[in-house]
Amino acid sequence: PESAQSTGLVILFPLAFVSNALVPTQRMPEILRTIADWNPVSAVAAAARELFGNPNPSASNGPWPMQHPVAASLLWSIAILAVFAPLATALYRRRTTE
């Protein structure tokens with residue numbers, strides 16, 4: 001469990017910094033802004049803001065995930081589960097049958 005947690009943090013930590021969770025993306029360089037706008041952490045942060053009544057003011061001219069953050073966060077969740085659930089199951093089966 002500890003190694004899985006540390007691996008998850010290694011992946012999640014940079015994603016959190018390159019998102020709109022901590023800073024607005026309007027003043028970021030273009031390439032960094034594009035990455036931040038399509039980041040799953042940004043979609044979840046923007047969805048939480050929208051659901052609590054504090055929508056993103058730049059969503060009107062931003063990319064699709066920033067205009068529809070709730071749908072984007074649900075799609076990201078489904079996509080991540082669709083990719084990693086079979087991988088985790090296959091890895092678990094391989095390690096327990098050997």
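## Contacts around Ala 16

Contact here means heavy atoms within 4.5 Å. In this predicted model, Ala 16 touches Leu 22 and Val 41, with residues up to four places away in sequence not counted. Ala 16 lies in helix H1 and is partly exposed, with a relative accessible area of 27%.

Ala 16 and Ile 80 are 64 residues apart in sequence, and their C-alpha atoms are 16 Å apart in space. Ile 80 belongs to helix H5. The relative accessible area of Ile 80 is 39%, so this residue is partly exposed. The C-alpha of Ile 80 is separated by 9.6 Å from that of Pro 40, with the two positions 40 residues apart along the chain counted as their distance in sequence.

## Val 41 and Ser 19

Val 41 lies in helix H3. Its relative accessibility is 19%, and Val 41 therefore counts as buried, the cut-off being under 20%. Apart from neighbours within four places in sequence, Val 41 is in contact with Leu 12, Leu 15, Ala 16, Ser 19 and Ala 21. From C-alpha to C-alpha, Val 41 and Val 18 are 8.6 Å apart, at a sequence separation of 23 residues.

Ser 19, one of the residues in contact with Val 41, is found in the loop between H1 and H2. Ser 19 counts as buried because its relative accessibility is 0%. A polar atom of the Ser 19 side chain lies 3.2 Å from the backbone nitrogen of Ala 21. Beyond four places in sequence, Ser 19 is in contact with Met 28, Ala 36, Asn 39, Val 41 and Ser 42.

## Ser 42

Ser 42 is a residue of helix H3. At 0% relative accessibility, Ser 42 is classed as buried. A polar atom of its side chain lies 2.5 Å from the backbone oxygen of Ala 36. With residues up to four places away left out, Ser 42 touches Val 18, Ser 19, Asn 20, Ala 36 and Met 66. Ala 36 thus appears both in this contact list and in that of Ser 19.

## Helix H3

H3 spans residues 40-51. It has 12 residues and reaches 16 Å from its first C-alpha to its last, close to the 16 Å expected at 1.5 Å a residue. At the start of H3, the backbone nitrogen of Val 41 has a side-chain oxygen of Asn 39 within 3.0 Å. After H3 comes Gly 53, whose phi is positive, near 85°.

The buried residues of H3 are Pro 40, Val 41, Ser 42, Ala 43, Ala 45, Ala 46 and Ala 47. These buried residues pack against H1, helix H2 (30-37), helix H4 (64-67) and H5.

## Helix H5

H5 covers residues 69-97. With 29 residues, H5 reaches 41 Å from its first C-alpha to its last, close to the expected 42 Å at 1.5 Å a residue. In H5, Pro 69, Ala 72 and Ser 73 are buried. The packing partners of the buried residues of H5 are H3 and H4.

## The largest pocket

The largest pocket holds about 330 Å³ of space. Its lining consists of Ala 4, Thr 7, Gly 8, Ile 11, Leu 12, Leu 15, Pro 40, Val 41, Val 44, Ile 80 and Phe 84. Helices H1 (2-17), H3 (40-51) and H5 (69-97) each supply at least two of these residues. H1 gives the most, with 6 residues.

By residue class, the lining of the largest pocket divides into 9 nonpolar, 2 polar and no charged. Among the lining residues are Leu 12, Leu 15 and Val 41; Leu 12 and Leu 15 are also in contact with Val 41. Pro 40 and Ile 80 both belong to the lining.

## The second largest pocket

The second largest pocket has a volume of about 180 Å³. Phe 84, Leu 87, Ala 88, Leu 91, Tyr 92 and Arg 95 line this pocket. The lining divides into 5 nonpolar residues, no polar and 1 charged. Phe 84 lines the second largest pocket and is also listed in the lining of the largest.

Technical notes: Residues numbered from 1 in each chain as written. Predicted model: local features only at pLDDT ≥ 70, side-chain atom pairs only at ≥ 80, totals over all residues. Heavy atoms only, no water. 1 Å grid on protein atoms, 1.4 Å probe; cavity = no way out; pocket = protein on both sides within 12 Å on 5 of 7 lines; lining within 4 Å. Points joined across faces, edges and corners; volume = space filled by probe spheres on them. Helix = DSSP H or I, 4+ residues; strand = E, 2+ residues; numbered from the N terminus. Nonpolar A, V, L, I, M, F, W, Y, C, P; charged D, E, K, R; others polar. Buried < 20%, exposed > 50% of the residue type's maximum accessible area, 1.4 Å probe, protein only. Polar contact = N/O pair within 3.5 Å; in protein donor to acceptor, adjacent residues only side chain to side chain. Expected span 1.5 Å × (residues − 1).
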